[in-house]
Amino acid sequence: MKPKTSKNREKNDYNYLKQTDGLLLLDKACGFSLVRHIGRGTFGAVFEVQDSTGHHLSIKKVLQDPRFKNRELEICQKLDHPNILPLLHYFFTKEGIRPEIYLHLVTPLFPMDLSMYLKLIGPPSNYILKAFAFQLFCAVSYVHSINVCHRDLKPKNVLVDPGSGLLQVCDFGSAKSLVPNEPSVSYIATRNYRAPELLYGSTSYGTSIDVWAAACIIAELIIGKRALFLGENNDGMIQSVAQIIGSPKPEDIKAMKGNKPYTGPYIPPVKLSVVLDNYNDDQMVDLLSRLFVYSPLKRMTAYECTLHPCFDCVKRGEVILHNGKRFFPPADTKTNFGRIKTLASTCYI
Ligand SMILES: Nc1ncnc2c1ncn2[C@@H]1O[C@H](COP(=O)(O)OP(=O)(O)OP(=O)(O)O)[C@@H](O)[C@H]1O
Ligand SMILES: [Mg+2]
């Protein structure tokens with residue numbers, strides 16, 4: 001049998017989802033009814049559902065392809081932080097004529113992700129931007145503290161509730177527990193958010209790839225209408241990064257542990273505040289300038305970012321949301337959403 005490429009696998013899954021769209025197969029015993037289809041990712045679909053008590057929740061349905069290692073469930077079960085989308089429940093179904101197994105991840109429902117926020121509401125005020133950035137670094141810092149690397153941070157994988165200001169990171173479909181000296185594929189993360197060590201082909205990268213991606217998300221919130229680094233392909237991204245932070249020095253190339261040299265011309269760095277559309281918050285620019293650096297070892301860690309003075313206003317409760325409410329960062333408790341600590345129930349349809 002001809003092996004499926006990721007492109008035609010995506011197409012086949014899409015056809016399948018199209019046929020069953022609005023028909024999320026749910027066993028009555030699971031107690032959920034479908035409300036609407038809210039999104040489609042590379043490997044699955046996300047639905048809004050209602051539970052037996054009338055609560056609206058989200059279900060992400062992911063095809064369990066036996067040829068690919070699926071670490072999402074295992075990692076989601078480990079995570080417990082107010083800025084990470086909590087897994088409330090999960091179950092499997094077996095569907096189709098040649099039955100395939102689908103994993104269903106049940107989580108709280110959010111009104112939007114950061115990419116929708118930019119489209120629907122527009123760039124956030126500087127205070128709201130800092131509230132989002134702070135929570136993003138808290139989430140990333142926590143994930144890294146348990147040695148997990150998200151590997152696909154981007155605006156679409158960050159959920160927000162404009163009414164409460166809460167931000168939660170979602171989609172651990174590419175996440176991995178990094179083991180020192182164990183190589184990882186460099187073809188990971190979405191193009192515009194790929195750290196330079198990935199662009200240069202490193203297979204021994206660390207959690208600092210997430211910090212680069214988080215910085216890209218913040219830059220995009222500042223600019224409001226496009227990503228900071230834009231490229232049609234890997235080489236285009238290398239050029240785009242060089243045009244902003246300057247071309248890499250030989251010691252940068254060494255520090256990135258890639259498998260290719262920089263072959264372009266010498267390019268000097270440009271002023272970050274200027275490429276951020278003349279953004280004038282010096283403290284935030286200072287933080288970002290410590291993140292947009294080639295050497296992963298010189299890049300600040302997510303934890304260090306949470307301590308940066310630019311977030312003092314967030315910690316002091318000075319952020320006012322769109323609705324006039326004051327935002328306080330969620331307390332670092334483990335019971336925030338009254339998580340349902342049920343273990344998996346498996347129901348095959
Ligand atoms: N709990 C939720 N509440 C509201 N929307 C959600 C929720 N979870 C996911 N979504 C929406 O569904 C989209 C796809 O979800 P997710 O990123 O988890 O799936 P994916 O298949 O891994 O996506 P991709 O491969 O495109 O990154 C998200 O970008 C977001 O817009
Ligand atoms: Mg996603």
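The legends below describe close-up views of a predicted model of a protein chain.

**View 1. The protein chain as a whole.** The predicted model has a secondary structure of 12 helices and 12 strands. Of the 349 residues in the protein chain, 40% count as buried. When contacts are restricted to those between residues at least 6 apart in sequence, 62% of them join residues that are at least 24 apart.

**View 2. The open sheet of five strands.** The strands of this open sheet follow the order S1-S2-S3-S5-S4, and their pairing is antiparallel. Strand S1 (32-40) and S4 stand at the edges, and because each has a single partner strand, one side of each is left without a neighbour in the sheet. On average, and with direction ignored, neighbouring strands of this sheet are turned by 30 degrees against each other. Strands of a sheet pair through backbone hydrogen bonds, in either a parallel or an antiparallel sense.

**View 3. The pairing of S3 with S5.** Strand S3, which runs over residues 56-63, pairs with strand S5, residues 100-108, in the antiparallel sense and over seven bridges. Within this view, Leu105 of S5 is the bridge partner of Lys60.

**View 4. The hairpin of S4 and S5.** Strand S4, made up of residues 89-95, also pairs with S5 in the antiparallel sense, over seven bridges. Two positions can be picked out along this pairing: His89 stands opposite Val106 in S5, and Lys94 stands opposite Ile101 in S5. The two strands form a hairpin with four residues between them, and in the turn Gly96 has a positive phi of about 100 degrees.

**View 5. Helix H7, its length and its end.** Helix H7 comprises 12 residues, 234-245, and at 1.5 Å a residue these should span 16 Å; the end C-alpha atoms of the helix are 16 Å apart, so the model agrees with the expected value. Just after H7, Gly246 takes a positive phi of about 90 degrees.

**View 6. The buried face of helix H7.** The buried residues in H7 are Met237, Ile238, Val241, Ala242 and Ile245. Seen down the axis of H7, these buried residues fall within an arc of 135 degrees, and they therefore line one face of the helix. Helix H5 (196-199) is included in what covers the buried residues of H7.

Note on methods
Residues numbered from 1 in each chain as written. Chains lettered and ligands numbered in written order. Predicted model: local features only at pLDDT ≥ 70, side-chain atom pairs only at ≥ 80, totals over all residues. Expected span 1.5 Å × (residues − 1). Buried ≥ 20, exposed ≤ 12 C-beta atoms within 10 Å, placed from the backbone. Arc of directions from axis to C-beta. Contact = placed C-beta atoms within 7 Å. Pairing = 2+ DSSP bridges. Axes fitted to C-alpha atoms, helices over the stretch in contact; angles between N-to-C directions.
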